[in-house]
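Colleague: Got a minute to walk me through this one? I'd like to start with something small and work outwards.

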Amino acid sequence: MYFAALLARTEDGWQASEPDLDDVETLADLSDLARTAGDEEETVLVFIEQEDAWFGVIRVDGEEDPRIYVSDAAAAARSSYGEILLTDEVLGRDPENADDLDDLVDLDGTEDGDTDEDAVVGSSEDHVPTGPLGETDLLADLGMSATELLALSGDGALTGEALGEIADALGAADVLEAVR
């Protein structure tokens, strides 16, 4: 089960809303949705949580590129919304080195002339790491340090409570609870 919320930082404080993610297929779609929640230069946070598995925070400041933090990249990679957040940049992959059509593997899973036993199933570049990934300091100027954010992730962390703790540190706990 998923939970998502938009938190827009206005001059009157934080305002929360529950977004409709039905039409969100890319990070650009999610960023555009966030931008509609606030005025032009306001900071908008998107919280996404898959119950007891992982959470993500996306920060959109005006027209700047979104900043992303995911509590457990491997868990998020198994989720439709998580896959949206795991961009090449977040994963540390160089999109310029993406395979050309000429370099594709045959449909039987082997390179030309290789036997099935010699086939490479996936490169290390395809691997998604377990644990936190992204910009750990994306909330530092709003009241939550990188160390505090990391403490909400990984082994032993209660991911179901993480978004509430983040909202509390930002002074937005009441508005988040209103949409939860």
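**Starting in a helix**

Modeller: Let's begin with one pair: arginine 35 and aspartate 32 both sit in helix α1, 3 residues apart, which is about one turn of the helix. Keep in mind that this is a predicted model.

Colleague: How do the side chains of arginine 35 and aspartate 32 meet?

Modeller: In a salt bridge, at 3.5 Å from N to O. Side chains of opposite charge can pair when their charged atoms come close.

Colleague: Is arginine 35 buried or exposed?

Modeller: Arginine 35 counts as partly exposed, because its relative accessibility is 21% and the buried class ends under 20%. Aspartate 32 is partly exposed too, with a relative accessible area of 46%.

Colleague: Which residues are joined into one network by salt bridges that share partners?

Modeller: Asp32, Arg35 and Glu63. The count for the model comes to 8 salt bridges.

Colleague: Give me one that links distant parts of the chain.

Modeller: Take arginine 59 and aspartate 141, whose closest N and O atoms are 2.6 Å apart. Arginine 59 is in strand β4, aspartate 141 is in the loop between β6 and α5, and 82 residues separate them.

Colleague: And which class does each partner fall in, buried or exposed?

Modeller: Arginine 59 counts as buried at 4% relative accessibility. Aspartate 141 counts as exposed at 53%.

Colleague: Back to helix α1. What does it lie across?

Modeller: Helix α1 lies across β1, β3, β4 and β5, and runs at about 125 degrees to β3. Serine 31 belongs to this helix. Serine 31 is buried, with a relative accessible area of 3%. Leaving out residues up to four places away in sequence, serine 31 touches Val60 and Pro66.

Colleague: New topic, the sheet. What order do the strands come in?

Modeller: The order is β2-β1-β3-β4-β5-β6, in an open sheet of 6 strands with antiparallel pairing. The edges are β2 and β6, each pairing on one side only.

Colleague: How many bridges join β1 to β3?

Modeller: There are 7, and the two strands run antiparallel. Tyrosine 2, for one, has glutamine 50 in β3 as its bridge partner.

Colleague: What about rings? How many aromatic pairs are there?

Modeller: A search of the whole structure finds 2. In one of them, tyrosine 2 and tyrosine 81 have ring centres 4.8 Å apart and planes at 90 degrees, so this pair is edge-to-face. Tyrosine 2 is in strand β1 and tyrosine 81 in helix α3, 79 residues apart.

Colleague: Are those two tyrosines buried or exposed?

Modeller: Tyrosine 2 counts as partly exposed at 33% relative accessibility. Tyrosine 81 is buried, at 18%.

Colleague: And what is the geometry of the pair between phenylalanine 55 and tyrosine 69?

Modeller: Tilted, with 6.1 Å from centre to centre and 45 degrees between the planes. Phenylalanine 55 is in strand β4 and tyrosine 69 in strand β5, so the pair ties together parts 14 residues apart in sequence. Both residues are buried.

Colleague: Last one. Where does arginine 180 lie?

Modeller: Over the face of phenylalanine 3, at 4.3 Å from the ring centre. The side chain of arginine 180 also meets glutamate 177 in a salt bridge, at 3.9 Å from N to O. Arginine 180 is partly exposed, with a relative accessible area of 39%.

Conventions
Residues are numbered from 1 along each chain as its sequence is written. This is a predicted model: local features need pLDDT of at least 70, side-chain atom pairs count only at pLDDT 80 or more; totals for chains, interfaces and linings use all residues. Side-chain values use heavy atoms; hydrogens and water are left out. Two strands pair if DSSP finds at least two bridges between them. Helices (H or I, at least four residues) and strands (E, at least two) are DSSP runs, numbered from the N terminus. Contact means heavy atoms within 4.5 Å. Axes are lines fitted to C-alpha atoms, for helices over the stretch in contact, and angles run from 0 to 180 degrees between N-to-C directions. Rings of Phe, Tyr and Trp (its six-membered ring) pair if their centres lie within 6.5 Å; planes under 30 degrees apart count as stacked, over 60 as edge-to-face and the rest as tilted. Buried means under 20% relative accessible area, exposed over 50%, partly exposed in between (1.4 Å probe, protein chains only). A charge sits over a ring if NZ of Lys or CZ of Arg is within 6 Å of the ring centre and within 35 degrees of the ring normal. A salt bridge is a side-chain nitrogen of Lys or Arg within 4 Å of a carboxyl oxygen of Asp or Glu.
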